[in-house]
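Welcome! Here is a short briefing to read alongside the sequence and the 3D view. Take a look at both, and then we can go through a few residues together.

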Amino acid sequence: SLTTQPAFIQDRFLDSLLPEVLREWVEGESHATQTPADLAAFLALAVGSACIARRVVVEPRPGWLEPVNLYVAVLLEPGNRKSAVFADALKPLRELEAELIEAARPEIARAQSQRRQDEARLRKLEKQAGESGNALARHEAFELATALAEQPEPVLPRLIVDDATAEKLGMMLAEQNGRIASMSPEGGVFDLMAGLYSKSGLPQFNVYLMAHSGDDLITDRVSRNGVRVVRPALTCAYAIQPTVIEALRTRLQIA
């Protein structure tokens, strides 16, 4: 038999808040996998959120704008088939990402090759200008350096990232025009949030906070160029075990 659902989930959430086509999928997925309907429902909402994030805003009243990117974490004990539901919910988004990558691959390859050639030419011009004081080489180097600075580095399109450090997540937001989804059926991302791989060992929540509210993300780094993302939109969806949150609470020493 199906897992018994709370009345809110059965009567209001599914019947009143979900459109018919989405409600039918949630009910079918829940029945097929014998899992709580709210698991499929929240993951489906997160996938929809990832598709429209940064392209749509909600205005509850004039002047009050809210982004639509959701942060979803569904907690279930082991053996509840959450990974299967997670895979089914994300399948359309992963298929779309694969199609976008395949379509963009030739153009991105050409653009990356052109940039490498331009960078090699720039190094040669700068060497000529520095060693011989060649005025023409100096002028061409300035022009080429300006052109390269104005062109974003070509990268393949991405819609989803699994486990990534906060620093990498900020870089990917910048590369993907300010929007991406962090989605995982495992809890490793929470260790990253807690600062597992950061040099300071301190929690790394800033990118998640800024990219939830749409506040501009500006990060300065010593070794590489800084990251600047205007109006970032990060969507998060995780299906994890409760012990992951308990471990995070212990690690952060939250009462």
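Let us start with Glu29, which has its place in helix α2, residues 20-33. Please keep in mind that this is a predicted model. From Glu29 we move on to two buried or partly exposed arginines, Arg179 and Arg54, then to Arg231 and an aromatic pair.

**A buried charge: Glu29**
- Glu29 is buried but takes part in no salt bridge.
- Its nearest side chain of opposite charge belongs to Arg81, 7.3 Å away; a salt bridge would need a side-chain nitrogen of Lys or Arg within 4 Å of a carboxyl oxygen.
- If you set aside neighbours within four places in sequence, Glu29 is in contact with Thr35, Ala40, Ala84, Val85 and Asp88.

**A buried arginine: Arg179**
- You can find Arg179 in strand β5, which covers residues 179-184.
- Arg179 counts as buried because its relative accessible area is 17%, and buried means under 20%.
- The side chain of Arg179 reaches the backbone oxygen of Cys51 at 2.9 Å.
- Beyond neighbours within four places in sequence, the contacts of Arg179 include Ala50, Cys51, Ile52, Ala53, Arg54 and Arg55. Leu173 and Ala233 are also in contact with Arg179.
- Arg179 and Arg115 are 64 residues apart along the chain, and their C-alpha atoms are separated by 24 Å.

**Two arginines with positive phi: Arg54 and Arg231**
- Most residues other than glycine have a negative phi.
- Arg54, although not a glycine, has a positive phi of about 75°.
- Arg54 sits in the loop between α3 (37-52) and β1 (57-61), and it is one of the residues in contact with Arg179.
- With a relative accessibility of 27%, Arg54 counts as partly exposed.
- Arg231 is not a glycine either, and its phi is positive at about 50°.
- The loop between β7 (227-229) and β8 is where Arg231 lies.
- Arg231 has 40% relative accessibility, so it counts as partly exposed.

**An aromatic pair: Phe190 and Tyr238**
- How many aromatic pairs does the structure hold? There is 1.
- Phe190 and Tyr238 form this pair in an edge-to-face arrangement, with 5.3 Å from centre to centre and 70° between the planes.
- The pair links distant parts of the chain, as Phe190 is in helix α7 (residues 188-193) and Tyr238 is in strand β8 (residues 233-240), 48 residues apart.
- Are these two residues buried or exposed? Both Phe190 and Tyr238 are buried.

Conventions
Residues numbered from 1 in each chain as written. Predicted model: local features only at pLDDT ≥ 70, side-chain atom pairs only at ≥ 80, totals over all residues. Heavy atoms only, no water. Helix = DSSP H or I, 4+ residues; strand = E, 2+ residues; numbered from the N terminus. Buried < 20%, exposed > 50% of the residue type's maximum accessible area, 1.4 Å probe, protein only. Lys, Arg positive; Asp, Glu negative; His and termini not counted. Contact = heavy atoms within 4.5 Å. Polar contact = N/O pair within 3.5 Å; in protein donor to acceptor, adjacent residues only side chain to side chain. Phe/Tyr/Trp six-rings, centres within 6.5 Å; stacked < 30°, edge-to-face > 60°.
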